[in-house]
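The following report concerns the fold, the aromatic pairs and the local environment of selected residues in one protein.

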Amino acid sequence: MSSVTSVQENVVVVNSFSHRTSFGAGHSVNANQLVTRLASYEPSETRTISDVRRTFCLFVTFDLLFVGLLWIIELNVEGNIKSRLKDEVLHYNFKHSYFDIFLLAVFRFLALILAYALCKLRHWWAIAITTAVTSGFLIAKVIFSKLLNQGSAFAYLLPVISFILAWIETWFLDFKVLPQEAENENRVVSIHAASEHAPLIQPGVLSDGQFYSPPESVSASDEEDNKDDAEKPTLQ
């Protein structure tokens, strides 16, 4: 009878151990999922630059290169490029030169890259300044310039392209870059809050010593055997 009791105790111990192991494994899986999600939403302090901000900086670079390319094409169309460079750069005239539009693109590039790539600014005031300066200058250029009287396509193309690119940059930063980065930061905060309530370390395998049951004494087993013998009816 003592052997049957010990077997029952071992079955209970094994069931309890299996339940605790499966419980710890479930929490370990949840912890691994949380670590994976945290790695995908790293905050901007630990990462060099976010993907959407990198796209914005590439578009700002495209703005500079595209306006510069149009200006070089305009120099070649109007005549010899060396003589045109002297006329527009060395002998600059606000009413007859496109060089200031190219300098305006350089100004936007330097200001926006410095603010949003190097300093990682999270506000719209820098691009508001560049867009306001660009818009005001281009409007004044179209009103007071004599280039429209020449009938050249670049007289219309360069100011219009510069104006459109400046406002696209403003829209992209205000409606894409800043909201998406704020959303990613909120996700990181919520995941950190959830990870604080879940154990990140899986409980170790329990040793056999924690479920050790002391052996029964010999005297106690002899007394139980004597009781069993006394309770058996005698055969006549």
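A residue counts as buried when its relative accessible area is under 20%, as exposed when that area is over 50%, and as partly exposed in between. Leu112 has a relative accessibility of 1%, so this residue is buried. The model under discussion is a predicted one.

## Overall architecture

The protein contains seven helices and zero strands. Read from the N terminus, its elements follow the order α-α-α-α-α-α-α. Of the 236 residues in the protein, 27% are buried. When contacts between residues at least 6 apart in sequence are considered, 79% of them join residues at least 24 apart.

## The contact of α4 with α5

Helix α4 spans residues 99–118 and helix α5 spans residues 125–144; the two pack with their axes 9 Å apart and at an angle of about 175 degrees. Angles over 145 degrees count as roughly antiparallel, and α4 is therefore roughly antiparallel to α5. On the α4 side, the contact is made by Asp100, Ile101, Leu104, Phe107, Arg108, Ala111, Leu112, Ala115 and Tyr116. On the α5 side, the contributors are Trp125, Ala126, Ile127, Thr130, Val133, Thr134, Phe137, Leu138 and Lys141. By class, the residues of this contact comprise 13 nonpolar, two polar and three charged.

Leu112, a residue of helix α4, takes part in this contact. Leaving aside residues up to four places away in sequence, Leu112 touches Phe56, Val60, Ala117, Ile127, Thr130 and Glu169. The C-alpha atom of Leu112 is also separated by 9.7 Å from that of Thr61, although their positions lie 51 residues apart along the chain.

The loop between α4 and α5 holds Lys120. Most residues other than glycine have a negative phi. Lys120 is not a glycine, yet its phi is positive, at about 55 degrees. With a relative accessible area of 34%, Lys120 is partly exposed.

## Aromatic rings

A search of the whole structure yields 10 aromatic pairs. The ring centres of Phe62 and Phe66 are 5.5 Å apart and the ring planes are at 15 degrees, so this pair is stacked. The cut-off behind that assignment is that planes under 30 degrees apart count as stacked. Both residues belong to helix α2, which covers residues 51–78, and they are four residues apart, about one turn of the helix. Phe62 is partly exposed at 41% relative accessibility, and Phe66 is partly exposed at 28%.

One aromatic cluster is formed by Phe56, Tyr116, Trp171, Phe172 and Phe175. Two of its members recur elsewhere in this report: Tyr116 contributes to the contact of α4 with α5, and Phe56 is touched by Leu112. A ring is also involved in an arrangement with a charge: the charged end of Lys141 sits over the ring of Phe94, at 4.8 Å from the ring centre. Lys141 is likewise one of the α5 residues in the contact with α4.

## Further residues in α2, α3 and α6

Val52 is located in helix α2. Its relative accessible area is 10%, and Val52 is therefore buried. Not counting residues up to four places away in sequence, Val52 touches Phe172, Lys176, Val177, Gln180 and Glu181. Among these, Phe172 is also a member of the aromatic cluster.

Arg84 lies in helix α3, residues 81–90, and is buried at 16% relative accessibility. With residues up to four places away in sequence excluded, Arg84 touches Glu74, Leu75, Glu78 and Gly79.

Ala153 belongs to helix α6, which runs over residues 153–195. At a relative accessible area of 54%, Ala153 is exposed.

The table lists C-alpha to C-alpha distances for three pairs of residues.

| Pair | Separation in sequence | C-alpha to C-alpha distance |
|---|---|---|
| Leu112 and Thr61 | 51 residues | 9.7 Å |
| Ala153 and Glu74 | 79 residues | 9.2 Å |
| Val52 and Leu173 | 121 residues | 9.0 Å |

Glu74, listed above with Ala153, is also one of the residues that Arg84 touches.

Conventions:
Residues numbered from 1 in each chain as written. Predicted model: local features only at pLDDT ≥ 70, side-chain atom pairs only at ≥ 80, totals over all residues. Heavy atoms only, no water. Phe/Tyr/Trp six-rings, centres within 6.5 Å; stacked < 30°, edge-to-face > 60°. Buried < 20%, exposed > 50% of the residue type's maximum accessible area, 1.4 Å probe, protein only. Lys NZ or Arg CZ within 6 Å of the ring centre and 35° of its normal. Axes fitted to C-alpha atoms, helices over the stretch in contact; angles between N-to-C directions. Parallel < 35°, antiparallel > 145°, perpendicular 65-115°, else oblique. Contact = heavy atoms within 4.5 Å. Nonpolar A, V, L, I, M, F, W, Y, C, P; charged D, E, K, R; others polar.
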